[in-house]
Amino acid sequence: MTRDHPASRALREANKAFKPVETKKPMTDYAKAQQSHDENRERLKAERLAREAKQGNRRT
């Protein structure tokens, strides 16, 4: 069995402590546009459903 040298042990612990943070890949222009489109569609759908529900309450 071999023993770890104190320097290599310290280096390994330092590498664990200062592990690089995994970052998300930047969004492409297409992905940004798609996300914006989806969010807008959901917002408009919610507004339409709210309007229809409000009109339905008036008729009865």
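Glu 52 is partly exposed in this predicted model. Its relative accessibility is 42%. Glu 52 forms a salt bridge with Arg 48. The closest N and O atoms of this pair are 3.4 Å apart. Arg 48 is likewise partly exposed, with a relative accessible area of 35%. Both residues belong to helix α2. They are 4 residues apart, which is about one turn of the helix.

A network is also present. Asp 38, Arg 41 and Glu 42 are joined into one network by salt bridges that share partners. Within this group, the side chains of Asp 38 and Arg 41 meet at 3.1 Å, N to O. Asp 38 and Arg 41 are 3 residues apart in helix α2, so about one helical turn separates them. Asp 38 has a relative accessibility of 28% and therefore counts as partly exposed. Arg 41 also counts as partly exposed, because its relative accessibility is 45%.

A further salt bridge links Glu 47 to Arg 43. Here the closest N and O atoms are 3.0 Å apart. Glu 47 and Arg 43 are 4 residues apart in helix α2, so their separation is about one helical turn. The relative accessibility of Glu 47 is 34%, which places this residue in the partly exposed class. Arg 43 is partly exposed as well, with a relative accessible area of 43%. A search of the whole structure finds 4 salt bridges. Among them are the pairs Asp 38 with Arg 41, Glu 47 with Arg 43, and Glu 52 with Arg 48.

Helix α2 spans residues 29-59. Asn 57 is also found in this helix. Asn 57 has a relative accessibility of 61%. The cut-off for an exposed residue is over 50%, so Asn 57 counts as exposed. The partly exposed class lies between under 20% and over 50%. Glu 52, at 42%, falls in that class. Asn 57 was also compared in position with Ala 7. The two residues are 50 residues apart in sequence. In space, their C-alpha atoms are 76 Å apart.

Terms used
Residues numbered from 1 in each chain as written. Predicted model: local features only at pLDDT ≥ 70, side-chain atom pairs only at ≥ 80, totals over all residues. Heavy atoms only, no water. Helix = DSSP H or I, 4+ residues; strand = E, 2+ residues; numbered from the N terminus. Buried < 20%, exposed > 50% of the residue type's maximum accessible area, 1.4 Å probe, protein only.
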